[in-house]
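Take a look at the protein chain below. The report then moves from one helix to the whole fold, and on to the bound ligand.

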Amino acid sequence: MEQKQEEARILKGDICYSTDKHTLKTYADSYLILEGGLVKGVFHEIPEQYRGAWMEDCTGHLIIPGLTDLHVHAPQYAFRGLKMDLELLDWLDTNTFPEESKYKDLDYARKAYNIFTDDLKRSGTTRASVFATIHIPATELLMQLLSDAGISAYVGKVNMDRNSPDYLCEESAMKSAMDTAEWLSKTQDAYPHVKPILTPRFIPSCTDELMSMLSRIQKEFHVPVQSHLSENLSEIDWVKELMPESKFYGDAYNRFDLFGGDVPTIMAHCVHSSPEEIKLMKEKGVFIAHCPQSNENLTSGAAPVRLYLDEDMNIGLGTDVAGGANLSIFRAMTDAIQVSKLRFRLLGNQLKPITMEEAFFMGTKGGGSFFGKVGSFEEGYEGDLLVLDESKIPHPQELNLKDRLERFLYLSGDEGVVHKYISGRKLF
Ligand code: GUN
Ligand code: FE
């Protein structure tokens, strides 16, 4: 019989979670207790008042918080792993825009978004901030499919009213803004766990007129914002040309009050951010979506993640599918570690590589905190968790929990996820 989410539920296993970027807590053969969809705590013995509560016995399995993908393009899932030998602006023109234009056709969108949501459901990702396309019917369909799959997500209808091919360009700033406001009214309360997020694609795709209107819309609907920032050198030069009065790329968003502060904001990439841009991101609490694999595939560069972590900035991981070819945040963790090592060695041994604990933190609590108390097993956190099976990749030696987790990140990944809960709801 399916057990109600409000009632206490106990998961028994080998429990690992981050409390901060340096600290991985491990509890062998222990009990994680959820009540009302929230974490009560992790205990070596079941506390008196929970004896007799419903228990899922996962003895011998690792139990970790759910993973957050802070930046993923759902319509690009269909062409992941294809035509990777281009840099950002050519890649957008050649691959991305033609593919995204197909989502005008709802039948195509249904096929493609079903594949995306099925795979996301089976993955280790419990929370995601997703780009859709400019098309409202397809965007609403994506929201419905994610909601049906039980994923907690923000989804953005993309805004583009300049420098885009005719087949993927909104008619005018006014039309783009009016459609966006109508879409927000319709979807803001439509799904319990899927919410809209304002999504100007990036400065080159949006006129100043549109950005001003989106700023007003943000104030009216109090929605969060996501976009791209300082990903590629040609893109940064282009932004300077398009908006010569902005002091740096991030300032171009900030001029419209779409850059953190009271506006929860995710900026993807931040590979080439200047010291002034970094300072403003820190002041405004902008969330950085670090997308290491995409930054390799599109030859964008290696973000200074060590600096962002040491400055205590808000940072999580993104797959940036299809810039990144893999939907797995486990993979994003190991990519982040590897890219930071290359950066360190190739750029004069500055900015030490990030550690496994730091990568795990970014993929769980770091990115999760954009969604509230998400990504840890401290008391009061949302009951987002994964149960992992390492048995397909056996080992002869005794390993401690941290070593088993590290090995899982590198060797198992999404395929090893056997159970998934979001806010105490069991997806599988
Ligand atoms: N900048 C603007 N649009 C995109 C996109 O679709 N992917 C990436 N990686 N960067 C972008
Ligand atoms: Fe992106």
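What should the 18 residues of helix 11 span, at 1.5 Å a residue, and which distance separates its end C-alpha atoms? This is a predicted model. Helix 11 covers residues 329-346. The expected span is 26 Å, because the rule counts 1.5 Å times one less than the number of residues. The end C-alpha atoms are 25 Å apart, which agrees.

Many residues of helix 11 are listed as buried. Among them are Ile329, Phe330, Met333 and Ile337. The buried residues also include charged ones, such as Arg331, Asp335 and Arg343. After helix 11 comes glycine 348, with a positive phi near 65 degrees.

**Two domains**

The domain assignment splits the chain in two. Domain 1 is made of two pieces, 9-66 and 376-426, while domain 2 runs over 67-371. Their C-alpha centres lie 29 Å apart. In the contact, domain 1 gives 20 residues and domain 2 gives 22 residues.

Which elements supply at least two residues each to the side of domain 1 that touches domain 2? They are strand 1, helix 13 and strand 16. The table gives their residues.

| Element of domain 1 | Residues |
|---|---|
| Strand 1 | 9-20 |
| Helix 13 | 401-411 |
| Strand 16 | 417-422 |

This side of domain 1 has a mixed make-up: eight nonpolar, six polar and six charged residues.

The UniProt record adds another boundary. An unreviewed entry places the feature "domain: Amidohydrolase-related" at residues 63-425. The end C-alpha atoms of that span lie 15 Å apart. The span is 42% helix and 16% strand.

**Around ligand 1**

Which residues surround ligand 1? The shell holds His73, Leu88, Leu92, Thr96, Arg201, Phe202, His228, Glu231, Ser294, Asp320 and Gly323. Three are nonpolar, five are polar and three are charged. Helix 1, residues 88-101, gives the largest share, with three residues.

Helix 1 also holds aspartate 93. Is aspartate 93 buried, exposed or partly exposed? Aspartate 93 has 14 C-beta neighbours inside 10 Å, so this residue counts as partly exposed. A buried residue would need 20 or more, and an exposed one 12 or fewer. Aspartate 93 also shows how folding brings distant parts of a chain together: serine 164 is 71 residues apart from it in sequence, but 8.3 Å apart in space, C-alpha to C-alpha.

How values were computed:
Residues are numbered from 1 along each chain as its sequence is written. Chains are lettered from A and ligands numbered from 1 in the order in which they are written. This is a predicted model: local features need pLDDT of at least 70, side-chain atom pairs count only at pLDDT 80 or more; totals for chains, interfaces and linings use all residues. Domain bounds come from an automatic or database domain assignment. Two residues are in contact if their C-beta atoms, placed from the backbone, lie within 7 Å. Helices (H or I, at least four residues) and strands (E, at least two) are DSSP runs, numbered from the N terminus. A residue is near a molecule or strand if its C-beta atom, placed from the backbone, lies within 6 Å of it. UniProt positions are given in the numbering used here, feature names are shortened, and annotations may be inferred rather than shown by experiment.
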